[in-house]
Amino acid sequence: ATSTAGVYAIGDVIRGPMLAHKAEDEGVVCVERIVNGSGHVNYDAIPGVCYTEPEIASVGKTEDQLKEFYDSHRESYTTPALLSVRMIKTHDKEQALEARKKIETKETDFTGAAQFYSADKTSAGRGGDIGTRSLKKFRPGWQKIIQTLEPNKLSGPHRINQSWYLFELTGKTRPKVHSFEEKKAYIRNDLLLARYKEAWENTY
């Protein structure tokens with residue numbers, strides 16, 4: 001469609017490479033839009049051609065386009081830091097304070113305190129261990145606390161909903177940003193999917 005109602009254009013008079021097979025696809029879609037009100041040309045699937053001897057053709061995104069997408073979506077190709085955390089959950093603050101005091105005075109260790117005091121029996125059976133994962137994989141109510149933990153330092157008691165918690169960070173890895181070359185195949189697919197979604201939303 002053009003800026004003038006009822007006037008449609010295809011081929012060399014619109015943006016894009018001046019190629020006959022591109023104009024053919026646009027012609028099909030033009031009719032689809034006139035008849036059905038919708039249609040879409042996948043320009044990423046139209047080969048570009050240089051009429052040389054021998055002829056040269058290419059299809060898909062260029063290396064520069066892939067790198068531009070990678071640079072603007074770098075967080076998607078980063079393995080986040082993994083946090084190893086253990087926890088004691090109690091139903092009242094006094095129990096949590098008592099457990100903390102016994103750990104600090106070395107009357108017991110975190111494992112023993114978790115087994116004795118924690119109301120979360122699953123983690124209590126593991127000495128309070130609630131696993132190793134990225135921050136976003138922990139329960140939403142825990143995340144703000146866990147992201148402030150210092151290694152091997154007891155934290156709390158913290159009130160979350162109707163319970164009281166002690167936390168301890170026992171390990172943390174560094175985030176890893178994967179290189180463009182490592183993720184090149186994924187980047188190509190991600191870029192094509194993003195463009196497809198964009199075209200779909202604009203068409204329908």
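**Strands, helices and cores of a predicted model**

Visitor: Which residue stands opposite D129 in β5?

Guide: In this predicted model, the residue facing D129 of β5 is R86.

Visitor: What makes β4 and β5 a pair?

Guide: Two strands count as paired when at least two bridges join them. Strand β4, residues 83–90, and β5 share three bridges in the antiparallel sense, so the requirement of at least two is met and they are a pair.

Visitor: Why are β5 and β6 said to stand at the edges?

Guide: The open sheet has four strands in the order β5-β4-β7-β6, with antiparallel pairing. Both β5 (129–133) and β6 (154–160) have a single partner strand, so one side of each has no neighbour in the sheet. On average, neighbouring strands are turned by 30° against each other, direction ignored.

Visitor: Which helix runs at about 175° to β6?

Guide: That is helix α3, residues 93–104, which lies across β4, β6 and β7 (163–172). Helix α4, residues 110–117, also packs on the sheet and touches β4, β6 and β7; its direction makes about 40° with that of β4.

Visitor: What makes the approach of the R100 side chain to the backbone oxygen of G156 a polar contact?

Guide: R100 is found in helix α3, and its side chain reaches the backbone oxygen of G156 at 2.5 Å. The limit for such a pair of N or O atoms is 3.5 Å, and the value lies within it, so the name applies. Neighbours within four places in sequence aside, R100 is in contact with L154, S155, G156 and L166.

Visitor: Which residues touch the most other members of the largest nonpolar core?

Guide: They are V85, F138, W142, I146, L149 and F167, out of 13 residues in that core. The elements giving two or more residues to this core are β4, α6 (140–146) and β7. L149 touches V85, S155, F167, E168 and L169, not counting residues up to four places away in sequence. A second, separate core has nine residues, including I88, A113, A114 and Y117.

Visitor: How do you know that the buried residues of α2 line one face of the helix?

Guide: The buried residues of helix α2, residues 63–72, are L66, F69 and Y70. Viewed down the axis of α2, these buried residues fall within an arc of 100°, so they line one face. The face turned away from that buried side carries D64 and E68. Exposed means over 50% relative accessible area, and D64 and E68 are exposed residues.

Definitions and conventions:
Residues numbered from 1 in each chain as written. Predicted model: local features only at pLDDT ≥ 70, side-chain atom pairs only at ≥ 80, totals over all residues. Heavy atoms only, no water. Axes fitted to C-alpha atoms, helices over the stretch in contact; angles between N-to-C directions. Contact = heavy atoms within 4.5 Å. Core = buried A, V, L, I, M, F, W, Y, C linked by side-chain atoms within 4.5 Å. Buried < 20%, exposed > 50% of the residue type's maximum accessible area, 1.4 Å probe, protein only. Polar contact = N/O pair within 3.5 Å; in protein donor to acceptor, adjacent residues only side chain to side chain. Arc of directions from axis to C-beta.
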